[in-house]
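Dear colleague,

I am passing on the structure below, and after it you will find notes on how its parts meet and on its cysteines. Please read them with the structure open beside you.

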Amino acid sequence: MKVAVFDTHEFDRAALAEANLGKHELIFLKASLDAQTAQLAKGCDVACCFANDRVDKGSLDVLKQLGVKLIALRSAGYNHVDIKCALDLKLKVVRVPEYSPHAVAEHAVGLLLTFNRKIHRAHNRVREMNFSLDGLVGFDLYKKTVGVVGSGKIGKVFAQIMKGFGCEVLVFDKYPDHDWAQKFDIHYSDLNNLFKQSDIISLHVPLNAETRHIIDGNAIESMKKNMVLINTGRGALIETNALTQALKTHRISGACLDVYEEEAGIFFNDFSDSGIDDDLLARLLTFPNVLITAHQAFLTQEALKNIADTTIDSISRFEANLDLSKVEVLI
Ligand code: NAI
């Protein structure tokens with residue numbers, strides 16, 4: 001099949017080419033998908049999209065007109081896809097439901113350790129021959145209470161790692177898994193109690209109508225002063241204005257963010273020469289107690305290989321008219 005692979009980068013082309021082994025004709029495109037760039041899929045059977053592509057009605061209409069039959073997402077999350085529109089247009093949508101929950105959970109832990117022990121600041125200091133320790137005081141994670149919002153694949157791995165640090169772990173999920181919780185001495189809680197009790201809160205729910213802005217001004221008001229917020233889920237789980245306000249008033253200790261509400265068009269790109277015109281992100285970047293990575297939590301060799309293998313396999317299965325139920329997105 002001929003595949004237009006949108007929003008590709010050096011880091012994922014090699015894995016995709018290796019998984020493909022010439023089975024399909026992959027057209028690697030730098031452009032991310034939107035209603036204009038969708039034209040680049042002319043002559044293709046498949047549009048292969050990433051986490052920040054706009055798979056909305058505008059793009060889907062064009063893709064359909066061009067004869068595209070399959071949308072193959074290289075992501076687990078599908079909040080950026082208008083699924084109803086795809087169904088109406090009879091376009092199949094597949095995703096990579098699981099590629100490495102460890103990659104994302106371990107990155108969340110990495111952000112927390114870096115933030116808390118100020119390793120990023122210490123590294124910069126030492127490189128300048130400044131060996132002073134002033135301003136680098138952190139806190140023990142041992143015995144702290146960690147709130148995990150979402151106990152799916154990633155939330156579970158994160159919760160278990162935090163148990164390993166000797167933390168108390170509270171979890172909130174719409175569909176609790178009590179057997180798992182009992183096995184790891186982890187406790188389910190309602191969201192309000194989790195907000196109230198936790199020293200650290202990490203978000204691992206998908207973005208949907210119920211979870212959008214799950215962290216807003218009211219939620220932050222109910223949290224412990226000096227708590228640390230971690231978001232490796234999706235940017236819009238947090239109302240960024242409310243977060244900025246909380247940081248300005250020192251209401252919380254800080255935030256570790258791998259995702260940002262308005263990241264599309266910014267993350268995955270290099271603006272080091274031109275700068276950015278997003279004032280909210282620019283403001284976030286001024287806080288010494290905010291640590292930001294650009295949607296990189298998934299970025300391990302293992303995850304890239306699994307994403308590429310699943311994506312190519314789904315395209316092959318689609319071509320051969322085989323069962324896609326394990327990867328198909330249907331609402
Ligand atoms: P999952 O589907 O295994 O787990 C999600 C959990 O959230 C489920 O247990 C579900 O019951 C729960 N949930 C869903 N809606 C809820 C609601 N309204 N209230 C409470 N709980 C709710 O998903 P997984 O693999 O753990 O991924 C979680 C999210 O992480 C993805 O949806 C994606 O947005 C994000 N992600 C971020 C990556 C990154 O690189 N930063 C990479 C991969 C995923």
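Between domain 1 and domain 2 there are 2 residue pairs in polar contact, both at pLDDT 80 or more, a polar contact being a pair of N or O atoms within 3.5 Å in which, within protein, one atom must be able to donate a hydrogen and the other to accept it, while residues adjacent in sequence count only if both atoms are side-chain atoms. On the side of domain 1 that touches domain 2 there are 5 nonpolar, 5 polar and 2 charged residues, where Ala, Val, Leu, Ile, Met, Phe, Trp, Tyr, Cys and Pro count as nonpolar, Asp, Glu, Lys and Arg as charged, and the others, Gly among them, as polar.

Please bear in mind that this is a predicted model, in which local features need pLDDT of at least 70 and side-chain atom pairs count only at pLDDT 80 or more, whereas totals for chains, interfaces and linings use all residues. Residues are numbered from 1 along each chain as its sequence is written, and side-chain values use heavy atoms, with hydrogens and water left out.

The domain bounds, which come from an automatic or database domain assignment, give domain 1 as 2-99 + 300-327 and domain 2 as 101-292. Their C-alpha centres lie 30 Å apart, and 12 residues of domain 1 are in contact (heavy atoms within 4.5 Å) with 9 residues of domain 2.

As for the cysteines, the structure holds 0 disulfides, meaning pairs of cysteine sulfur atoms within 2.5 Å. The sulfur of C44 is too far for a bond, because the closest cysteine sulfur, in C48, is 11 Å away; C44 also counts as buried, at 3% relative accessibility, where buried means under 20% relative accessible area, exposed over 50% and partly exposed in between (1.4 Å probe, protein chains only). C167 is likewise in no disulfide, with the nearest cysteine sulfur, that of C256, 14 Å away, and C167 is buried at a relative accessible area of 1%.

With best wishes
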